[in-house]
2 protein chains.
Amino acid sequence: MAKKHNIPVETIKRTITYIRYLEREKQKGVKIISSRDITSLLNIPPAQFRKDLSFFGEFGKRGVGYNVDILIETLKQLLGLDRKVKAIVVGAGRLGTALVQYPGFLEINVEIIGAFDNDSKKIGQSIKGIDIYDIKNIKKFIIKNNVKIALLCVPSDSAQIVANILIEAGIKSILNFAPVVLILPEGINIANVDMASEIGSIIYRMKETVQ
Amino acid sequence: MAKKHNIPVETIKRTITYIRYLEREKQKGVKIISSRDITSLLNIPPAQFRKDLSFFGEFGKRGVGYNVDILIETLKQLLGLDRKVKAIVVGAGRLGTALVQYPGFLEINVEIIGAFDNDSKKIGQSIKGIDIYDIKNIKKFIIKNNVKIALLCVPSDSAQIVANILIEAGIKSILNFAPVVLILPEGINIANVDMASEIGSIIYRMKETVQ
DNA sequence: TAGATTGTTAATCGATTAACAATC
DNA sequence: TAGATTGTTAATCGATTAACAATC
């Protein structure tokens, strides 16, 4: 029975990993795959894969496994990754310009269509065909191109201010790379990529295991 | 009573956020802070802050709050962030070179001391004073400098192979930016920064809330 | 002392894992 | 049919939140 809603965030993230690995198996010519086979590649228990899928519906054949092609297509559709999704990068520093051409986004159909900055030296330049625009013109751009997602790569000091501008301009979702907690209105989606706290947690674990 | 071990990963990550915000309050001249005041900046319940701290020990004064200076120093020490920690970047592409100068690492005392690549065009160059070395010489470098942490920014195809080389060379912890699941021996610490699955989860949530 | 805030216990909530009936 | 594997229920595990006694 197809359920909906209240799907755990971790289930969603794992599902994207499933799609990636299913694509790779498809490349190798695999047509049918079992929960045991796919999870052995991912270092997770088979039950978790089946449980995760059960949030979306039923996709397998008992005694047989899952049709790789159909599973890929269905999962992509359910997550909204079956069509190109446009996004912009805000803050065209080292990190921002790296994200403009990050291949992992293309894999899931996310396309960066522009970058923004307030530095006149950067405005007008382009990276791999993606232009850097003046942040002053961001609202026009967002409306014209119907962009809903922004990757926020500005310095910590200005992250909240720029986030406010983005929302004012019509952005609905922010992937935040600045190590600050953004305060945002209801209805805005936020995910934080906090590289420093990831590395910090590694340092702590190392301390524990070495001692 | 000071406990240890089995501290949840999420508690560790939040603790790093606490340190960052305590530093900022310290800059503003705040000497004493309550769980309510700090968590109001972080959008989390005060009880979570106190619960998190309780994994490490007792640091506050009832009826008063926490001494900002002492709390910062103690938490840093407990996490192993009170002294400089050396790390290397492996894969000197766009993302790798961005990480070399990422200011968020310095904030928590992590210092990138070198970058490695197998591309002869990159080897010998330097970014902000950090040299790019031939990956062939990585083992010597790691031993000589006693490096334990690597930031892995190579293409997905080679991530597992390069990870094996790193471990062989003596690396104990890997922060992996490639969208693959690495299979590693017991005792090696791993954290994954999966930007694509973060953005994918945002797309799904947007789909749900808009409909 | 009275008011405030901690540290911790207990209750709640949610996610993971195990087990197994359903069924291909 | 016999063997295999799914989908789901129930059990377990862990994390978050609420409540409050301790105490500054």
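1. Let me start with the base contact made by A:Arg50 in this predicted model. An N or O atom in the side chain of A:Arg50 sits 2.7 Å from a base oxygen of DNA strand D. A:Arg50 is also among the residues that come nearest to that strand, along with A:Ser35, A:Gly60, A:Tyr66 and B:Arg62.

2. The backbone of DNA strand D is worth a look too. A phosphate oxygen of the strand is 2.7 Å from a backbone N or O atom of A:Gly60, while a polar side-chain atom of A:Arg62 lies 3.0 Å from a sugar or linking oxygen. Of the strand D atoms within 4 Å of the protein, 66% belong to sugar or phosphate, and the rest to bases.

3. Both protein chains help to form the surface near DNA strand D. Helix H3, strand E2 and strand E3 of chain A, together with helix H3 of chain B, each give at least two residues. H3(B) has the largest share, with four residues. By type, this surface has seven nonpolar, eight polar and ten charged residues.

4. Turning to DNA strand C, you will find 26 residues around it, the closest being A:Arg62, B:Ser35, B:Arg50, B:Gly60 and B:Tyr66. Sugar and phosphate make up 66% of the strand C atoms that come within 4 Å of the protein.

5. Three polar contacts to strand C are easy to check. A polar side-chain atom of B:Tyr66 is 2.8 Å from a phosphate oxygen, and a polar backbone atom of B:Phe59 is 3.0 Å from a phosphate oxygen. B:Glu58 places a polar side-chain atom 3.1 Å from a sugar or linking oxygen of the strand. Elements giving two or more residues to this surface are H1 and H3 of chain A, with H3, E2 and E3 of chain B. Here H3(A) supplies the largest share, four residues.

6. The protein chains also meet each other: 66 residues of chain B contact 67 residues of chain A. Together they bury about 5900 Å², 65% of it on carbon and sulfur atoms. On the chain B side, B:Arg94, B:Met195 and B:Tyr204 supply 11% of the buried area, more than any other three residues.

7. Finally, helix H8 of chain A passes a simple geometry check. At 1.5 Å a residue, its 14 residues should span 20 Å, and the end C-alpha atoms are indeed 20 Å apart. Its buried residues include A:Val162, A:Leu166 and A:Ile167, with cover from elements including strand E4, helix H7, strand E8 and strand E9 of chain A. Just after the helix, A:Gly170 adopts a positive phi of about 115°.

Note on methods:
Residues numbered from 1 in each chain as written. Chains lettered and ligands numbered in written order. Predicted model: local features only at pLDDT ≥ 70, side-chain atom pairs only at ≥ 80, totals over all residues. Heavy atoms only, no water. Expected span 1.5 Å × (residues − 1). Buried < 20%, exposed > 50% of the residue type's maximum accessible area, 1.4 Å probe, protein only. Contact = heavy atoms within 4.5 Å. Near = heavy atom within 4 Å. Polar contact = N/O pair within 3.5 Å; in protein donor to acceptor, adjacent residues only side chain to side chain. Nonpolar A, V, L, I, M, F, W, Y, C, P; charged D, E, K, R; others polar. Buried area = accessible area lost by both parts, 1.4 Å probe.
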